[in-house]
Amino acid sequence: MEEVCEGKDFSFPSQEEHILSYWSQIDAFKGQLARTQNLPEYIFYDGPPFATGLPHYGHILAGTIKDIVTRFQSMTGHHVTRRFGWDCHGLPVENEIDRKLGIKRRDQILEMGIDKYNEECRSIVTRYVEEWETIITRTGRWIDFKNDYKTMDLKFMESVWWVFAQLYQKGLIYKGFKVMPYSTGCKTPLSNFEAGENYKLVPDPEIMVAFPIVGDPDNAAFVAWTTTPWTLPSNLALCVNANFVYVKVRNKYSGKIYVVAESRLSELPTEKPKPNAANGPSGDSKKSKSKGSSGEKTKDSAADSFEVLEKFSGASLVGKKYEPLFNYFLEFSDAAFRVIADNYVTDDSGTGIVHCAPAFGEDDYRVCIGNQIINKGENLIVAVDDDGCFTGKITDFSGCYVKDADKDIIEALKAKGRLVKQGTFTHSYPFCWRSDTPLIYRAVPSWFVRVEQLKEQLLDNNKQTYWVPDYVKDKRFHNWLENARDWAISRSRFWGTPIPVWISEDGEEVIVMDSVEKLERLSGAKVFDLHRHNIDHITVPSSRGPEFGVLRRIDDVFDCWFESGSMPYAYIHYPFENVELFEKNFPGHFVAEGLDQTRGWFYTLMVLSTALFGKPAFRNLICNGLVLAEDGKKMSKRLKNYPSPMEVINDYGADALRLYLINSPVVRAETLRFKKDGVFGVVKDVFLPWYNAYRFLVQNAKRLEYEGSAPFVPIAVAVIQKSSNVLDQWINSATQSLVHFVREEMDAYRLYTVVPYLLKFLDNLTNIYVRFNRKRLKGRTGEEDCRMALSTLYNVLLTSCKVMAPFTPFFTEVLYQNMRKICDGAEESIHYCSFPQEEGKRGERIEESVARMMKIIDLARNIRERHNKPLKTPLREMVVVHPDEDFLGDIVGKLRE
């Protein structure tokens with residue numbers, strides 16, 4: 001072995017750079033794969049990130065977890081293919097291009113040409129790939145960037161087509177509607193992410209509207225409150241909360257009779273004549289201010305102004321019919337214009353009665369479907385066009401922009417005698433981040449997967465998976481699956497995998513493509529790429545004859561979550577290739593991502609695998625939490641409230657960062673407040689003691705040479721195990737316990753338990769074995785005894801390095817490269833070694849006894865330091881020794897000083 005420097009002169013980051021060069025020189029990762037190629041497969045799925053930004057601590061955390069598990073599996077006898085993946089399509093890429101080109105509206109893209117737009121998108125997808133590879137490689141992660149997969153590759157997209165076609169054949173696909181935030185400026189629906197980009201505080205009208213109850217003996221009317229008068233022409237139902245108490249009340253002055261929630265009675269206008277009446281505030285909240293036009297009112301005045309005629313539960317109102325406001329949807333009369341109930345109705349605003357226009361509200365749509373007001377999959381009438389103007393269906397306001405129509409609708413309600421109250425409501429409202437126009441919620445046609453039909457299978461499959469921590473599976477994910485709704489998988493966008501549906505002009509003929517070959521065969525065209533601009537022009541002749549024209553592809557592309565959920569099949573181009581590899585190893589063995597993926601990737605993986613094969617997509621899962629800035633806030637580049645990952649690595653090394661991250665609550669799906677000092681603490685508490693024990697070994701091994709003895713060669717492990725020295729027996733046993741513990745915990749995917757155990761082991765190694773064995777290690781008890789002690793220390797360090805190699809790949813390689821020089825037949829890299837096996841029996845009694853002894857010694861030291869005087873009772877007499885543990889008495893005697 002070569003000489004080593006003092007701990008204070010050892011640069012962890014510099015040594016890691018040397019190791020990176022060495023790995024590159026021997027092509028270490030490829031070498032490990034080659035050595036394990038005939039071993040059983042361990043299938044790991046790497047969730048694809050976007051490459052439109054640089055990796056942050058969340059990526060590094062998940063990447064570290066993945067690297068530790070896959071390195072461990074390689075060392076325990078598996079072949080682990082690790083291919084990096086990239087999410088290439090969807091909103092993040094389109095957003096970048098829209099900003100770059102100044103695109104504000106959808107028609108600008110069409111004018112520019114979908115081909116030019118998509119090629120612009122393609123040009124930035126891999127912009128940061130080089131930086132990603134540099135940073136991820138510097139963290140010590142072994143993963144194949146050269147043979148990566150991209151969701152925009154033709155083979156990946158073809159497998160996505162196959163997945164969709166399989167679902168279609170199983171009857172799990174249908175076309176329906178989904179209510180989404182809609183930009184009338186860009187004429188496109190937005191994701192919830194986009195909808196949250198641009199909120200403004202704006203005034204909107206607030207009105208209360210009367211809905212006369214059919215057949216009520218008192219001619220009472222339900223009163224509903226809304227801040228979107230433009231949705232009232234599309235009203236089809238009223239919704240109450242079945243658990244609320246409702247009251248029928250008569251206004252003492254006007255005689256009008258209304259039904260509202262008892263807790264919201266105070267919101268009704270009093271209509272009590274007052275001298276010098278002036279408009280005043282009609283209710284405030286923390287987030288809004290309202291101005292009413294029906295006279296000043298207070299809770300007391302409402303109580304004074306109304307006589308309660310009757311009280312009843314919300315449940316008793318269900319089914320009651322009312323007179324519609326307008327006559328635009330009378331064809332729905334048999335099912336519509338009645339009261340339904342749902343818990344989304346609250347009593348913190350309004351009247352406790354909500355007006356439902358299913359084309360313009362997510363909950364409205366849900367409850368109307370659930371109560372058979374309308375039917376899922378059938379043509380819902382959306383009486384507002386792509387520009388946000390009323391269609392001809394709404395005859396009185398046809399062609400009028402909905403927001404501009406509010407005033408006219410209110411006037412029409414007043415003329416009908418239906419307006420109970422009007423005012424202004426100031427609130428935070430979403431605007432389109434591109435066109436800066438107010439968003440509306442609007443039902444848009446979408447293709448759906450029937451997730452609700454799969455619910456029981458999904459819940460059963462979830463039970464077959466193993467999660468760390470388990471409460472995320474049993475609570476968060478289970479609850480999400482239990483409440484899962486059908487999944488809208490289409491997007492009215494441009495840069496994505498096109499949905500492979502070709503439809504005839506009359507809508508009677510539908511062909512779903514499941515492969516490039518099928519499209520080429522049916523169309524006669526040659527296909528080189530599956531993006532919209534390369535296939536939208538391809539038509540398929542009708543099978544019914546030329547007179548029926550041709551089939552054309554629908555415009556939509558897939559939601560990029562459908563693509564990432566297809567990853568287990570698409571990244572190996574299944575079923576077009578790798579059939580045996582896939583079918584022998586599905587479900588995959590392991591996935592790991594952040595907590596947010598319970599509603600993202602984990603969910604889409606589970607839905608598609610259940611729909612396709614009736615199985616979960618994965619067997620084992622580690623779910624990590626969120627890494628926050630030190631102040632507890634979200635990490636922000638703008639605020640610069642966190643150190644960059646490369647700054648931390650350059651200061652303390654990647655190994656220290658890895659251990660800091662996995663020895664934190666974040667690996668138990670909790671949050672971590674990142675502290676750079678915490679990484680330094682790992683260097684100080686873990687790596688320096690570990691290094692010093694190694695340095696002590698090397699120095700004393702070299703001393704033998706300097707003193708003229710034969711060079712140090714470690715004694716065989718079988719001989720070491722039979723050492724008569726009790727400290728040798730103890731540290732050998734402690735090492736076997738380390739091997740046993742780490743293997744057991746890694747088999748259970750509990751990474752976070754390993755570092756505390758390692759800390760305890762290193763403390764025992766340095767503060768007991770090395771400290772109280774100095775005479776032997778320095779040769780003062782004879783050369784034979786010295787070589788036994790050095791060999792024991794050598795074996796302990798070598799074994800601990802192999803155990804910790806998945807966790808600290810750089811530092812263990814540094815130590816191994818020096819230590820292997822005196823070991824015949826040693827592997828070229830520690831990462832080619834097998835994980836250590838337990839050798840011999842662990843002496844639990846020895847370990848427990850030494851631990852007990854050390855507690856007493858620490859107690860004695862504390863007493864001595866506190867009182868600054870020697871102990872009255874000899875240390876030997878403070879230790880209770882078993883009859884077969886006389887050796888402890890001898891050790892204690894030696895430790896008295």
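Phe-494 is found in the loop between strand E19 (490–491) and strand E20 (501–504). The model is a predicted one, and this loop residue is a convenient place to enter it. Although Phe-494 sits in a loop, Phe-494 counts as buried, at 2% relative accessibility. Its surroundings come from distant parts of the sequence. Leaving aside residues up to four places away in sequence, Phe-494 touches Glu-94, Arg-106, Ile-109, Leu-110, Ile-114, Tyr-117, Asn-118, Arg-532 and Val-557. Cys-121 lies 373 residues from Phe-494 in sequence, yet the two C-alpha atoms are 9.6 Å apart in space.

The chain as a whole can be described in a few figures. The protein chain has 897 residues, and 56% of them count as buried. Its secondary structure comes to 32 helices and 28 strands. Among contacts with a sequence separation of 6 or more, 77% join residues 24 or more positions apart. The exposed surface of the protein chain is about 38,600 Å², and carbon and sulfur atoms supply 48% of that area.

Towards the start of the chain, Asp-27 is placed in the loop between H1 and H2. Phi of Asp-27 is near 50 degrees, which is positive in a residue other than glycine. Most residues other than glycine have a negative phi, and most peptide bonds are trans. Asp-27 is partly exposed, with a relative accessible area of 37%. In helix H2 (residues 28–35), by contrast, the buried residues are Ala-28, Phe-29, Gly-31, Gln-32 and Leu-33. The elements covering these buried residues include helix H1 (12–26), helix H3 (57–75) and strand E2 (144–150).

A second positive phi is found at Ala-669, another residue other than glycine, where the value is near 70 degrees. Ala-669 belongs to the loop between helix H22 (654–662) and strand E28 (672–673). With a relative accessible area of 7%, Ala-669 is buried, whereas Asp-27 is partly exposed.

Helix H22 itself contains Leu-659, a buried residue with a relative accessible area of 1%. Not counting residues up to four places away in sequence, Leu-659 touches Val-682, Val-686, Phe-687, Val-755, Phe-807 and Thr-808. For one of these partners, Val-682, the separation along the chain is 23 residues and the C-alpha atoms are 7.2 Å apart.

Two peptide bonds before proline deserve a look. The bond from Tyr-574 to Pro-575 is cis, with omega near 5 degrees. Pro-575 lies in the loop between helix H18 (567–570) and helix H19 (579–584). The bond from Phe-586 to Pro-587 is also cis, again with omega near 5 degrees. Pro-587 is in the loop that runs between H19 and strand E25 (588–594). Helix H19 thus borders both of these loops.

Further along the chain is a pair of helices. Two packed helices are described by the angle between their axes and the distance between the axes. For helix H26 (residues 754–770) and helix H28 (residues 783–804), the axes come within 13 Å and cross at roughly 170 degrees. Angles over 145 degrees count as roughly antiparallel, and H26 and H28 are therefore roughly antiparallel to each other. On the H26 side, the residues in contact are Val-754, Leu-758, Phe-761, Leu-765, Tyr-769 and Val-770. They meet Ala-789, Thr-792, Leu-793, Val-796, Leu-797, Ser-800 and Met-804 in H28. By class, the residues of this contact divide into 11 nonpolar, two polar and no charged.

The cysteines come last. A disulfide is a covalent bond between the sulfur atoms of two cysteines. How many disulfides does a search of the whole structure find? The search finds zero. Cys-356 is in no disulfide, and the nearest cysteine sulfur, in Cys-368, is 4.9 Å away. The cut-off for a disulfide is a pair of sulfur atoms within 2.5 Å. Cys-356 is buried, with a relative accessible area of 0%. For Cys-833, the closest cysteine sulfur is that of Cys-823, at 8.9 Å, which is too far for a bond. Cys-833 likewise counts as buried, at 7% relative accessibility.

Methods
Residues numbered from 1 in each chain as written. Predicted model: local features only at pLDDT ≥ 70, side-chain atom pairs only at ≥ 80, totals over all residues. Heavy atoms only, no water. Axes fitted to C-alpha atoms, helices over the stretch in contact; angles between N-to-C directions. Helix = DSSP H or I, 4+ residues; strand = E, 2+ residues; numbered from the N terminus. Parallel < 35°, antiparallel > 145°, perpendicular 65-115°, else oblique. Contact = heavy atoms within 4.5 Å. Nonpolar A, V, L, I, M, F, W, Y, C, P; charged D, E, K, R; others polar. Buried < 20%, exposed > 50% of the residue type's maximum accessible area, 1.4 Å probe, protein only. Areas by Shrake-Rupley, 256 points an atom, 1.4 Å probe, with all protein chains shown as cover.
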